[in-house]
Amino acid sequence: MPKSLHKDICDKLRFSKLYEKYAQSMSTILYYKYGDLLNPSDKVQDAFIKLWENCAKVAPEAAKSYLYTVANNMMLNEVKHQKIVFKHQEVKPKDYTNETPEFMLRKKEFLKRYETALSALKEEERVAFLLSKVDGKTHKEIAELLNITKKVAEHRIYAALNKLKDQLEELN
C-alpha cells in the first residue's frame with residue numbers, strides 16, 4: 001500500500017479527531033460489556049496509544065475496527081487476569097450500615113436477580129439496553145455507536161426489556 005493512505009491516521013490533528021469521535025462511545029460500550037472494575041477508560045486510552053504506535057500500518061478506513069478490537073482484547077485479557085487475582089484474595093465486606101437488615105437483604109437479593117437477568121441477556125441486547133436505559137442514548141445514537149440500523153437497536157432494547165420483565169416482577 002502507498003504511504004499516502006496512512007497519512008491520515010499519523011497526522012496529529014486527524015488522530016485527535018478520531019479520538020474525539022470514538023473514545024467516549026468505546027468507553028461506554030466496554031463499561032456495559034465488562035463493568036467499571038476493569039477500567040474500560042484506561043483500555044480505550046491504551047488502544048489509542050497502540051493505534052498511534054502503529055498508525056503507519058493501519059488504513060484510515062480500518063481505524064475504528066482496529067480500536068474496538070484492541071480495546072476489547074485488552075478487556076478480555078484483564079478479565080482473565082482478574083479471575084486469577086480473585087482466587088487469591090478475599091474481599092471483606094464493610095461491617096456497618098444505616099439500612100435495616102430486611103431492606104439490605106431484599107436489596108441484595110434483587111440486585112443479584114437483576115445482575116443474573118442482565119447476564120442472561122444476549123451481549124448485543126444487554127449493551128443496547130444499558131446504552132438506552134442507563135446512558136440515555138437515543139435509538140439512533142445507539143445504532144450509530146454499534147454500527148447497526150435503528151430498527152435493530154430498537155428490537156434489541158425491547159427484547160432485553162421483555163426478558164428482564166419476565167424474570168423480575170418488580171419491573172412490571
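## Packing, and what counts as buried

Two parts of a protein are in contact when heavy atoms of one lie within 4.5 Å of heavy atoms of the other, and a residue is buried when its relative accessible area is under 20%. With those two ideas in hand, take a look at helix α6: its buried residues pack against α2, α5 (101-120), α7 and α8. Keep in mind that this is a predicted model.

## The whole chain

Let's zoom out for a moment. The protein chain has 8 helices and 0 strands, so the run of elements from the N terminus reads α-α-α-α-α-α-α-α. Of the 172 residues in the protein chain, 34% are buried. About 11,900 Å² of the protein chain is exposed, and carbon and sulfur atoms supply 54% of that area.

How much of the contact in the protein chain comes from residues 24 or more positions apart? If you take the contacts with a separation of 6 or more, residues 24 or more positions apart account for 65% of them.

## Helix α6, mostly covered

Helix α6 covers residues 123-133, and 8 of its 11 residues are buried. Here is the buried set: Glu125, Arg126, Val127, Ala128, Phe129, Leu130, Leu131 and Ser132.

One of the neighbours of α6 is α5. The axes of these two helices are 8 Å apart, and the helices pack at an angle of about 125 degrees, which makes α5 oblique to α6. On the α5 side, the contact uses Tyr114, Leu118 and Ser119, while α6 brings in Arg126, Phe129 and Leu130. Sorted by class, the contact of α5 with α6 has 4 nonpolar, 1 polar and 1 charged residues.

## Where α6 meets α8

Now for another neighbour. How do α6 and α8 sit relative to each other, parallel or perpendicular? Their axes come within 8 Å and cross at roughly 95 degrees. Angles of 65 to 115 degrees count as roughly perpendicular, and therefore that is the label for α6 and α8.

From α6, the residues in this contact are Glu124, Glu125, Ala128, Phe129, Ser132 and Lys133. They meet Ala153, Arg156, Ile157, Ala159, Ala160, Leu161, Lys163 and Leu164 of α8. By class, the contact of α6 with α8 splits into 8 nonpolar, 1 polar and 5 charged residues.

Helix α8 spans residues 150-167, and His155 is found in it. Is His155 buried or exposed? Its relative accessibility is 57%, so His155 counts as exposed. The C-alpha atom of His155 is separated by 9.9 Å from that of Phe129, and the two residues are 26 residues apart along the chain.

## Two residues of helix α2

Ser27 has its place in helix α2, residues 12-34, and Thr28 is found in α2 too. Ser27 counts as buried because its relative accessibility is 11%. Thr28 counts as buried because its value is 7%.

What do these residues touch, leaving out residues up to four places away in sequence? Ser27 touches Pro40, Ser41 and Val44. Thr28 touches Leu131 and Asp135, and Leu131 is one of the buried residues of α6.

## The disulfide

A disulfide is a covalent bond between the sulfur atoms of two cysteines. How many does a search of the whole structure find? The search finds 1 disulfide. It is formed by Cys10 and Cys55, with their sulfur atoms 2.1 Å apart. The angle about the S-S bond is 105 degrees, and the link of Cys10 and Cys55 is right-handed.

Cys10 lies in helix α1 (residues 7-10), whereas Cys55 is in the loop between α3 (40-53) and α4 (63-87), so the pair ties together parts that are 45 residues apart in sequence. What about their cover? Cys10 has a relative accessible area of 27%, so it is partly exposed. Cys55 has a relative accessible area of 8%, so it is buried.

## An asparagine with a positive phi

One last spot to find in the structure is Asn147, in the loop between α7 (139-146) and α8. Asn147 is not a glycine, although it has a positive phi of about 55 degrees. Is Asn147 buried or exposed? With a relative accessible area of 57%, Asn147 is exposed.

Note on methods. Residues numbered from 1 in each chain as written. Predicted model: local features only at pLDDT ≥ 70, side-chain atom pairs only at ≥ 80, totals over all residues. Heavy atoms only, no water. Helix = DSSP H or I, 4+ residues; strand = E, 2+ residues; numbered from the N terminus. Buried < 20%, exposed > 50% of the residue type's maximum accessible area, 1.4 Å probe, protein only. Axes fitted to C-alpha atoms, helices over the stretch in contact; angles between N-to-C directions. Parallel < 35°, antiparallel > 145°, perpendicular 65-115°, else oblique. Nonpolar A, V, L, I, M, F, W, Y, C, P; charged D, E, K, R; others polar. Disulfide = S-S within 2.5 Å. Areas by Shrake-Rupley, 256 points an atom, 1.4 Å probe, with all protein chains shown as cover.
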